[in-house]
Amino acid sequence: MLHTTQLYQHVPETRWPIVYSPRYNITFMGLEKLHPFDAGKWGKVINFLKEEKLLSDSMLVEAREASEEDLLVVHTRRYLNELKRKVLRPLRTQTGGTIMVGGVGGARPGGGFHHCSSDRGGGFCAYADITLAIKFLFERVEGISRATIIDLDAHQGNGHERDFMDDKRVYIMDVYNRHIYPGDRFAKQAIRRKVELEWGTEDDEYLDKVERNIEKSLQEHLPDVVVYNAGTDILEGDRLGGLSISPAGIVKRDELVFRMVRGRHVPILMVTSGGYQKRTARIIADSILNLFGLGLIGPESPSISAQNSDTPLLPPAVP
């Protein structure tokens with residue numbers, strides 16, 4: 001029997017399937033200013049898209065905070081009890097947003113907490129939103145029984161890898177800097193297509209490896225849905241990512257992923273994950289504008305049909 005949730009909801013057809021809340025933006029009494037992470041990048045992405053006339057407030061789907069019962073679909077009660085709940089409200093709202101993306105067949109700025117698993121957090125990640133989104137889809141959406149995670153953040157996605165270690169329904173492709181956090185050898189056993197990069201990898205090598213390996217991944221396991229973790233910490237100059245991908249390379253990467261997945265008429269849910277520079281928000285916005293201009297996002301995209309009659313049949317979009 002399905003638990004009651006407020007995250008799968010009816011969305012008017014006038015709204016884009018883009019899930020966002022101002023509560024995504026994280027503040028810790030000013031301490032966020034002392035850290036390289038741009039805690040307000042999600043709001044900046046939305047503002048850039050408004051300036052370009054792609055979005056307005058009336059077109060957005062308001063993200064709701066994930067309840068304890070929602071989180072218990074994946075997390076243990078013991079783990080949740082260990083967390084400082086008030087401080088983590090922005091992360092719970094982002095997690096709710098990721099689950100909602102599955103419900104409305106869309107995407108969202110933020111999320112992609114790929115270092116968190118059912119019983120442990122790490123690396124800025126307190127809730128396993130990717131795992132939760134896929135579990136909700138498997139349980140609540142007819143026709144969704146196979147998923148692929150394409151994780152292109154600079155870091156290994158050890159959280160969802162631990163969660164889906166023995167679940168053959170979920171195929172994981174992970175492309176990451178082999179020399180940086182988390183270096184989780186146990187979690188690597190769950191990766192079906194592993195691409196380990198060296199320090200300072202640049203555009204041509206990176207894009208070639210991404211394209212070839214996505215092609216092979218989709219041949220090996222044709223999914224009903226793709227969750228795309230589109231981290232921008234691969235950007236040149238990112239101190240935590242250690243790679244050297246240009247802004248144009250990131251835009252091209254996202255285009256490649258969408259072209260290849262859309263070419264197989266598979267819905268794609270995109271979360272933005274890591275990215276620790278002030279210019280990151282502009283690059284994400286530019287990528288979304290490029291995808292829209294190419295017709296890779298928008299009303300003609302493949303949709304997810306939900307069993308729940310209160311869940312709208314909307315096409316996937318992007319963050």
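This briefing describes the fold, the cores and several individual residues of one protein chain. The model is a predicted one. The protein chain contains 10 helices and 7 strands. Of its 319 residues, 61% count as buried. Among contacts with a separation of 6 or more, 74% join residues that lie 24 or more positions apart.

**The nonpolar cores**

- The largest nonpolar core has 48 residues, and Leu152, Tyr206 and Tyr228 touch the most other members.
- Several elements each supply at least two residues of this core: the helices α1 (41–51), α8 (203–220), α9 (247–262) and α10 (280–293), together with the strands β4 (170–177), β5 (193–197), β6 (225–229) and β7 (268–271).
- Tyr206 is in contact with Leu152, Val175, Leu197, Thr201, Ile234, Ile245 and Arg253, when neighbours within four places in sequence are left aside.
- Another core, of 38 residues, lies apart from the largest one and includes Val19, Leu80, Phe113 and Phe136.

**Strands β3, β4 and β5**

- Strand β3 (147–151) is mostly covered, as 5 of its 5 residues are buried.
- In a regular strand, side chains alternate between the two faces of the sheet.
- In β3, Ala147, Ile149 and Asp151 point one way and Thr148 and Ile150 point the other way, and all are buried.
- Strands β3 and β4 run parallel and are joined by 5 bridges; Ile149 has Ile172 in β4 as its bridge partner.
- Strands β4 and β5 also run parallel, with 5 bridges between them, and Val175 stands opposite Val195 in β5.
- Strand β5 has a covered face made of Arg193, Val195 and Leu197, while Lys194 and Glu196 form an uncovered face.

**Helix α5**

- Helix α5 covers residues 129–140, which makes 12 residues, and reaches 16 Å from its first C-alpha to its last, close to the 16 Å expected at 1.5 Å a residue.
- Because 10 of its 12 residues are buried, α5 is largely enclosed by the rest of the structure.
- The buried residues of α5 are Asp129, Ile130, Thr131, Leu132, Ala133, Ile134, Phe136, Leu137, Phe138 and Arg140.
- Phe136 of this helix is also among the members of the core of 38 residues.

**Helix α10**

- The 14 residues of α10 should span 20 Å at 1.5 Å a residue, and the end C-alpha atoms are 20 Å apart, which agrees.
- Thr280, Ala281, Ile283, Ile284, Ala285, Ser287, Ile288 and Leu291 are buried in α10, and what covers the buried residues of this helix includes α1 and α9.
- Gly295, just after α10, takes a positive phi of about 75°.

**His155 and its surroundings**

- His155 is found in the loop between β3 and α6 (158–163).
- With a relative accessible area of 6%, His155 is under the 20% cut-off and therefore counts as buried.
- The side chains of His155 and Asp233 are joined by a polar contact of 3.0 Å, and the side chain of His155 reaches the backbone oxygen of Leu240 at 3.1 Å.
- Not counting residues up to four places away in sequence, His155 touches several residues, including His114, His115, Asp174, Tyr176, Asp233, Leu240 and Tyr276.

**Asp70**

- Asp70 has its place in helix α2 (residues 68–71) and is buried, with a relative accessible area of 2%.
- The C-alpha atoms of Asp70 and Gln6 are separated by 9.0 Å, although the two residues are 64 residues apart along the chain.
- Asp70 touches His3, Thr4, Thr5, Leu7, Leu132 and Phe136, again without counting residues up to four places away in sequence.
- Two of these partners, Leu132 and Phe136, are buried residues of α5.

**Cysteines**

- The structure holds 0 disulfides.
- The cysteine sulfur closest to that of Cys116 is in Cys125, and the 6.9 Å between them is too far for a bond, because a disulfide requires the two sulfur atoms to be within 2.5 Å.
- Cys116 counts as buried at 1% relative accessibility, and Cys125 is buried with a relative accessible area of 8%.

How values were computed:
Residues are numbered from 1 along each chain as its sequence is written. This is a predicted model: local features need pLDDT of at least 70, side-chain atom pairs count only at pLDDT 80 or more; totals for chains, interfaces and linings use all residues. Side-chain values use heavy atoms; hydrogens and water are left out. Helices (H or I, at least four residues) and strands (E, at least two) are DSSP runs, numbered from the N terminus. The expected span of a helix is 1.5 Å times one less than its number of residues. Buried means under 20% relative accessible area, exposed over 50%, partly exposed in between (1.4 Å probe, protein chains only). A nonpolar core is a set of buried Ala, Val, Leu, Ile, Met, Phe, Trp, Tyr and Cys residues joined through side-chain atoms within 4.5 Å. Contact means heavy atoms within 4.5 Å. Two strands pair if DSSP finds at least two bridges between them. A polar contact is a pair of N or O atoms within 3.5 Å; within protein, one must be able to donate a hydrogen and the other to accept it, and residues adjacent in sequence count only if both atoms are side-chain atoms.
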